[in-house]
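I opened my notebook to record, step by step, what I looked up in this structure. My plan was to take one residue at a time and then turn to the core.

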Amino acid sequence: MTRRIALDHITVPDAGPVELVELAAATACAGIGLFLHPMEVLPLMPAFELIGSAAARRELRGALDDRGVAL
């Protein structure tokens with residue numbers, strides 16, 4: 001059963017965008033709340049670029065679609 005809750009990025013700041021999707025799917029969360037870029041105040045957050053990278057956005061969209069997770 002999918003919970004109608006979303007996994008927020010602040011909950012697991014050491015996850016990248018695709019990893020956050022995978023974690024949400026593995027824990028039966030319906031969606032994710034995602035940061036658009038890493039934040040310096042969260043030093044464990046990995047580097048990623050969604051705003052300036054069409055390839056990264058396609059990868060994220062594919063992960064969301066493949067796992068049935070909403071953004």
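I began with E59, which I found in helix α2; I kept in mind that the model is a predicted one. I then asked myself whether E59 is buried or exposed. Its relative accessible area is 51%, and because exposed means over 50%, E59 counts as exposed. I also looked up how E59 sits relative to V18: the two are 41 residues apart in sequence, and their C-alpha atoms are 7.5 Å apart in space.

Next I turned to H9, which I located in the loop between β1 (3-8) and α1. Its relative accessibility is 0%, so I noted H9 as buried, since buried means under 20%. Which backbone oxygen does the side chain of H9 reach? I found that it is the one of A15, at 2.8 Å. Setting aside residues up to four places away in sequence, I listed A15, L20, G33, L34, F35, M45 and F48 as the residues that H9 touches.

My last entry concerns the largest nonpolar core, which has 18 residues, with V21 and I32 having the most contacts inside it. I saw that α1 (17-26), β2 (29-33) and α2 (54-67) each supply at least two residues of this core. For I32, leaving out neighbours within four places in sequence, I wrote down contacts with A6, L7, L20, V21, A24, L64, V69, A70 and L71. As a general reminder to myself, I added that nonpolar side chains tend to be buried together in soluble globular proteins.

Methods. Residues numbered from 1 in each chain as written. Predicted model: local features only at pLDDT ≥ 70, side-chain atom pairs only at ≥ 80, totals over all residues. Heavy atoms only, no water. Core = buried A, V, L, I, M, F, W, Y, C linked by side-chain atoms within 4.5 Å. Buried < 20%, exposed > 50% of the residue type's maximum accessible area, 1.4 Å probe, protein only. Helix = DSSP H or I, 4+ residues; strand = E, 2+ residues; numbered from the N terminus. Contact = heavy atoms within 4.5 Å. Polar contact = N/O pair within 3.5 Å; in protein donor to acceptor, adjacent residues only side chain to side chain.
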